[in-house]
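This report describes one protein chain, shown below with its sequence and coordinates.

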Amino acid sequence: MSVSLGVKSNETASSTKDNLVETLANLINLTEAKFPFWRDHSVMVTMHALDIANEMNLGEDFIRDIRDAGRLHDIGKVLLSEKILSKEESLTERDWRLVKLHPDWGRMILAPFMELKGILPLVYYHHELHD
């Protein structure tokens with residue numbers, strides 16, 4: 001009889017995290033695909049972030065977190081109305097207030113997943129300027 005102690009091997013934990021990121025990224029890709037302005041945005045952000053991280057010779061684990069955060073950084077936008085996401089004219093002040101909430105919403109969506117704990121700050125602060 002085998003007893004599980006709830007301990008995952010690094011390989012299993014990594015695989016679980018990769019599957020979770022892939023599933024959530026697909027949700028973002030489906031959302032972005034509906035709106036020409038946003039199409040492939042997360043893919044492009046990820047590519048640019050990885051270029052910078054590799055140029056800086058950051059560690060492999062941190063680069064993996066940057067990749068995952070790039071893919072998921074806008075997951076909070078799945079909670080925005082299609083009206084706002086598809087708007088061609090300028091956003092109203094109310095629209096902007098809602099758009100600016102997407103990092104908060106992204107953090108709330110991802111927080112229950114312990115596998116994603118390391119990328120929560122990257123998702124939450126992705127619009128912050130650090131001088």
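The text goes from the overall fold to the cores, a helix pair, and then single residues.

## Overall fold

The model is predicted. The secondary structure of the protein chain consists of seven helices and zero strands, and the pattern read along the sequence is α-α-α-α-α-α-α. The chain has 131 residues, of which 31% count as buried. Among contacts between residues at least 6 apart in sequence, 65% join residues at least 24 apart.

## Nonpolar cores

The largest nonpolar core has 13 residues. The members that touch the most other members are Leu24, Leu72, Ile75, Leu110, Leu116, Ile119 and Val123. At least two residues of this core come from each of helix 1 (10-33), helix 3 (60-72) and helix 7 (120-124). Helix 1 gives the most, with five residues. A second core, separate from the largest, has seven residues, and Trp38, Ile84, Leu85 and Trp105 are among them.

Two members of the largest core can be followed in more detail. Leucine 110 is located in helix 6. Its relative accessible area is 0%, so leucine 110 is buried, the limit being under 20%. Apart from neighbours within four places in sequence, leucine 110 is in contact with Leu24, Leu72, Ile75, Leu116, Ile119, Leu120 and Val123. Isoleucine 75, with the same kind of neighbours left aside, is in contact with Leu24, Ile28, Gly106, Ile109 and Leu110. Leucine 110 and isoleucine 75 are 35 residues apart along the chain, and their C-alpha atoms are separated by 8.5 Å.

## Helix 2 against helix 3

How do helix 2 and helix 3 pack, and at what angle? The angle between helix 2 (residues 41-55) and helix 3 is about 160 degrees, and the axes are 8 Å apart. Helix 2 is therefore roughly antiparallel to helix 3, a term that applies to angles over 145 degrees. The crossing of helix 2 past helix 3 is right-handed.

On the helix 2 side, the residues that meet helix 3 are Ser42, Val45, Thr46, Ala49, Leu50, Ala53 and Asn54. On the helix 3 side they are Ile63, Ile66, Arg67, Gly70 and Arg71. By class, the residues of this contact of helix 2 with helix 3 comprise six nonpolar, four polar and two charged.

## Helix 6 and helix 7

Tyrosine 124 is placed in helix 7, and aspartate 104 lies in helix 6 (residues 102-110). Is tyrosine 124 buried, partly exposed or exposed? Tyrosine 124 counts as partly exposed because its relative accessibility is 21%, and buried means under 20%. Aspartate 104 is also partly exposed, with a relative accessible area of 25%.

With its neighbours within four places in sequence left aside, tyrosine 124 is in contact with Pro103, Asp104 and Arg107. The C-alpha separations for two of these contacts are listed here, together with two other pairs.

| Pair | Apart in sequence | C-alpha separation |
|---|---|---|
| tyrosine 124 and proline 103 | 21 residues | 4.7 Å |
| aspartate 104 and tyrosine 124 | 20 residues | 6.2 Å |
| leucine 110 and isoleucine 75 | 35 residues | 8.5 Å |
| lysine 34 and glutamate 82 | 48 residues | 9.0 Å |

## Loop residues

Lysine 34, from the last pair in the table, lies in the loop between helix 1 and helix 2. Lysine 34 is partly exposed, with a relative accessible area of 48%.

Aspartate 40 is placed in the loop between helix 1 and helix 2. At 44% relative accessibility, aspartate 40 counts as partly exposed. Most residues other than glycine have a negative phi. Aspartate 40 has a positive value, with phi near 65 degrees.

Which phi does asparagine 57 have? Asparagine 57 is not a glycine, yet its phi is positive, at about 55 degrees. Asparagine 57 is found in the loop between helix 2 and helix 3. Its relative accessibility is 67%, so asparagine 57 counts as exposed, the limit being over 50%.

Notes:
Residues are numbered from 1 along each chain as its sequence is written. This is a predicted model: local features need pLDDT of at least 70, side-chain atom pairs count only at pLDDT 80 or more; totals for chains, interfaces and linings use all residues. Side-chain values use heavy atoms; hydrogens and water are left out. A nonpolar core is a set of buried Ala, Val, Leu, Ile, Met, Phe, Trp, Tyr and Cys residues joined through side-chain atoms within 4.5 Å. Buried means under 20% relative accessible area, exposed over 50%, partly exposed in between (1.4 Å probe, protein chains only). Helices (H or I, at least four residues) and strands (E, at least two) are DSSP runs, numbered from the N terminus. Contact means heavy atoms within 4.5 Å. Axes are lines fitted to C-alpha atoms, for helices over the stretch in contact, and angles run from 0 to 180 degrees between N-to-C directions. Angles under 35 degrees count as roughly parallel, over 145 as roughly antiparallel, 65 to 115 as roughly perpendicular and the rest as oblique. A crossing is left-handed if the near helix is turned anticlockwise from the far one by less than a right angle, and right-handed if clockwise. Ala, Val, Leu, Ile, Met, Phe, Trp, Tyr, Cys and Pro count as nonpolar, Asp, Glu, Lys and Arg as charged, and the others, Gly among them, as polar.
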